[in-house]
Amino acid sequence: MTTATGRVGDLSEEQLNALDSFRSSMEDILRPEHDDYFCLRWLRARKFNVTDAVQMLRTDNEVQAKKETEAKQI
């Protein structure tokens, strides 16, 4: 029996469901260039725990926005 790697083209049914759920949870910030490769990177980092992956991406987004704001003030 082969285990799915969690990469594009090699996802289990559970991983596909996690990807769909992640996309739905993040549609307010995802842009067209945020493809499956981008989303799966966050999901793999949190072992396909959608809640944790969403929190991690939202936190990263906030940090990046704060850095951009601080850079503009200099």
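This is a short walk through the helices of one chain and the way they pack.

Okay, before anything else: what you have on screen is a predicted model. So everything I say is about that prediction.

Let's start with the overall layout. The chain has 3 helices and 0 strands, and from the N terminus on the order is simply α-α-α. How big is the box that the C-alpha atoms fill? Along the principal axes, roughly 55 × 20 × 20 Å. The radius of gyration tells a related story: the chain has 14 Å, whereas a compact globule of 74 residues would be near 11 Å. As for burial, 24% of the 74 residues count as buried. And if you take the contacts with a separation of 6 or more, 48% of them come from residues 24 or more positions apart.

Now the helix pairs, and I'll begin with H1 and H3. H1 covers residues 13-26 and H3 covers residues 50-73; their axes come within 10 Å and cross at roughly 40°. An angle under 35 degrees would have counted as roughly parallel, so with this crossing H1 is oblique to H3. The handedness of the crossing is right-handed. Which residues meet there? From H1 you have Ala18, Ser21, Phe22, Ser25 and Met26, and on the H3 side Val50, Ala53, Val54, Leu57 and Arg58. Sorted by class, this contact has 7 nonpolar residues, 2 polar and 1 charged.

Next pair, H2 with H3. Here the axes come within 8 Å and the crossing angle is roughly 115°. H2, too, passes H3 in a right-handed crossing. H2 brings Phe38, Trp42, Leu43 and Ala45 to the contact, and H3 brings Val50, Ala53, Met56, Leu57 and Asp60. The class count for this contact is 8 nonpolar, no polar and 1 charged.

You may have noticed Leu57 in the H1 contact and again in the H2 contact, so let me spend a moment on that residue. Leu57 is in helix H3, and is it buried or exposed? Buried, because its relative accessibility is 4%, and the cut-off for buried is under 20%. Leaving aside residues up to four places away in sequence, Leu57 touches Phe22, Met26, Ile29, Leu30, Phe38 and Trp42. Take Met26 out of that list: Met26 and Leu57 are 31 residues apart along the chain, and their C-alpha atoms are separated by 8.8 Å.

Last stop, the loop between H2 and H3. H2 is residues 36-45, and Lys47 is found in the loop that follows, before H3. Phe48 has its place in that loop as well. For anyone who likes backbone torsions, Lys47 has phi near 50°, which is positive in a residue other than glycine. Phe48 also has a positive phi, about 65°, and is not a glycine either.

What about their accessibility? Lys47 counts as exposed, at 75% relative accessibility, while Phe48 is buried, with a relative accessible area of 18%. Mind you, the cut-off for buried is under 20%, so Phe48 with its 18% makes it into that class.

To recap: H1 crosses H3 at roughly 40°, H2 crosses H3 at roughly 115°, and Leu57 in H3 touches residues including Phe22 and Trp42. That's all from me, thanks.

Terms used
Residues are numbered from 1 along each chain as its sequence is written. This is a predicted model: local features need pLDDT of at least 70, side-chain atom pairs count only at pLDDT 80 or more; totals for chains, interfaces and linings use all residues. Side-chain values use heavy atoms; hydrogens and water are left out. Axes are lines fitted to C-alpha atoms, for helices over the stretch in contact, and angles run from 0 to 180 degrees between N-to-C directions. Helices (H or I, at least four residues) and strands (E, at least two) are DSSP runs, numbered from the N terminus. Angles under 35 degrees count as roughly parallel, over 145 as roughly antiparallel, 65 to 115 as roughly perpendicular and the rest as oblique. A crossing is left-handed if the near helix is turned anticlockwise from the far one by less than a right angle, and right-handed if clockwise. Contact means heavy atoms within 4.5 Å. Ala, Val, Leu, Ile, Met, Phe, Trp, Tyr, Cys and Pro count as nonpolar, Asp, Glu, Lys and Arg as charged, and the others, Gly among them, as polar. The radius of gyration is taken over C-alpha atoms; the globule rule is 2.2 Å times the number of residues to the power 0.38. Buried means under 20% relative accessible area, exposed over 50%, partly exposed in between (1.4 Å probe, protein chains only).
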